[in-house]
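Please look at the structure below with its sequence beside it. The text then goes through the ligand site, the core and a few single residues.

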Amino acid sequence: MPEPLTAEPGNPERGRLVVRDLGAASCLICHAMPIPEEPDHGDIGPPLHGVGARFTPAELRQRLVDPKAIDPDTVMPSYYQLEGLRDVLGRFVGRTIYTAQQIEDVVAYLATLTEDP
Ligand code: HEC
């Protein structure tokens with residue numbers, strides 16, 4: 001998914017705040033991330049240290065917008081989809097988890113994660 005969703009480029013500092021928001025299906029529920037000030041990190045998905053070196057921004061965007069295009073059985077939520085979803089939490093019915101700008105901010109943040117732990 002090479003095209004950014006917004007005209008405004010993603011902002012990595014904002015993206016870091018977005019992924020920490022535990023109300024919005026935080027990545028930390030399932031992934032360890034280099035965010036030491038949060039005490040709890042999940043291990044359902046792989047650690048995200050170094051993803052900025054392993055994936056291009058286009059691949060990271062694809063993963064956030066529609067992870068089921070990569071693996072139809074993944075438990076990772078689609079952060080920017082309204083159709084074809086199952087098990088949608090009530091407060092997210094009819095809206096995406098992240099806005100387009102938040103997707104771009106998170107992609108920009110993930111792209112900075114180039115170091116292995
Ligand atoms: C409910 C659990 C869950 C949540 C929440 C979640 N993920 Fe994932 N994620 C996974 C799983 C499981 C995988 C492993 C591959 C698969 O199943 O798609 C994965 C894979 C990934 C990958 C590929 C990593 C690799 O090394 O192959 C990236 C990047 C990623 N997730 C980013 C995120 C980001 C960023 C967020 C928050 C915006 C997030 N994930 C939220 C479960 C989750």
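Helices here are DSSP runs of H or I with at least four residues, numbered from the N terminus. With that convention, glutamate 3 falls in the segment before H1. The model is predicted. Glutamate 3 counts as exposed because its relative accessibility is 58%, and the cut-off for exposed is over 50%. Between the C-alpha atoms of glutamate 3 and proline 57 the separation is 9.6 Å, although their positions lie 54 residues apart along the chain.

The ligand is a good place to continue. The space that the ligand takes is the largest pocket. The shell around the ligand has 22 residues, of which Cys27, Cys30, His31, Thr74 and Met76 come nearest. By residue class, the shell divides into 15 nonpolar, four polar and three charged residues. Two helices, H2 (51-54) and H3 (57-65), each supply at least two residues of this shell. Helix H3 gives the most, with three residues.

Several polar side chains approach the ligand. For threonine 74, a polar side-chain atom lies 2.7 Å from an oxygen atom of the ligand. For histidine 31, the partner is a nitrogen atom of the ligand, and the distance is 2.8 Å. Arginine 54 also has a polar side-chain atom facing an oxygen atom of the ligand, at 3.3 Å.

Threonine 74 deserves a second look. Where along the chain is threonine 74 placed? It sits in the loop between H3 and H4. Threonine 74 has a relative accessible area of 17%, so it is buried; the limit for buried is under 20%. Its side chain also reaches the backbone nitrogen of methionine 76, at 3.1 Å. Both threonine 74 and methionine 76 are among the residues that come nearest to the ligand.

From the ligand site we turn to the nonpolar interior. The largest nonpolar core has 24 residues, and those touching the most other members are Val19, Met33, Leu64, Tyr79, Tyr98 and Leu110. Helices H1 (12-20), H3 and H4 (100-111) each supply at least two residues of this core. The largest share, five residues, comes from H4. Helix H3 thus appears in two lists, as a supplier of the ligand shell and as a supplier of the core.

Single residues on these helices add some detail. Tyrosine 109 lies in helix H4. Its relative accessible area is 4%, and therefore tyrosine 109 is buried. The C-alpha atoms of tyrosine 109 and valine 18 are separated by 9.5 Å, with the two residues 91 apart along the chain.

On helix H3 the residue to examine is arginine 61. Is arginine 61 buried or exposed? Arginine 61 is buried, because its relative accessible area is 5%. From C-alpha to C-alpha, arginine 61 and arginine 14 are 16 Å apart in space and 47 residues apart in sequence.

Helix H1 contains proline 12. At 26% relative accessibility, proline 12 counts as partly exposed, since that class covers values between the limits for buried and exposed. Proline 12 and threonine 56 are 15 Å apart in space, C-alpha to C-alpha, and 44 residues apart in sequence.

Notes:
Residues are numbered from 1 along each chain as its sequence is written. This is a predicted model: local features need pLDDT of at least 70, side-chain atom pairs count only at pLDDT 80 or more; totals for chains, interfaces and linings use all residues. Side-chain values use heavy atoms; hydrogens and water are left out. A residue is near a molecule or strand if one of its heavy atoms lies within 4 Å of it. A polar contact is a pair of N or O atoms within 3.5 Å; within protein, one must be able to donate a hydrogen and the other to accept it, and residues adjacent in sequence count only if both atoms are side-chain atoms. On a 1 Å grid over the protein atoms alone, a cavity is a set of points where a 1.4 Å probe fits but cannot get out, and a pocket is an open set with protein on both sides within 12 Å along at least five of seven lines; lining residues have an atom within 4 Å of a point. A molecule sits in a cavity or pocket if more than half of its atoms lie within 2 Å of its grid points. Ala, Val, Leu, Ile, Met, Phe, Trp, Tyr, Cys and Pro count as nonpolar, Asp, Glu, Lys and Arg as charged, and the others, Gly among them, as polar. A nonpolar core is a set of buried Ala, Val, Leu, Ile, Met, Phe, Trp, Tyr and Cys residues joined through side-chain atoms within 4.5 Å. Buried means under 20% relative accessible area, exposed over 50%, partly exposed in between (1.4 Å probe, protein chains only).
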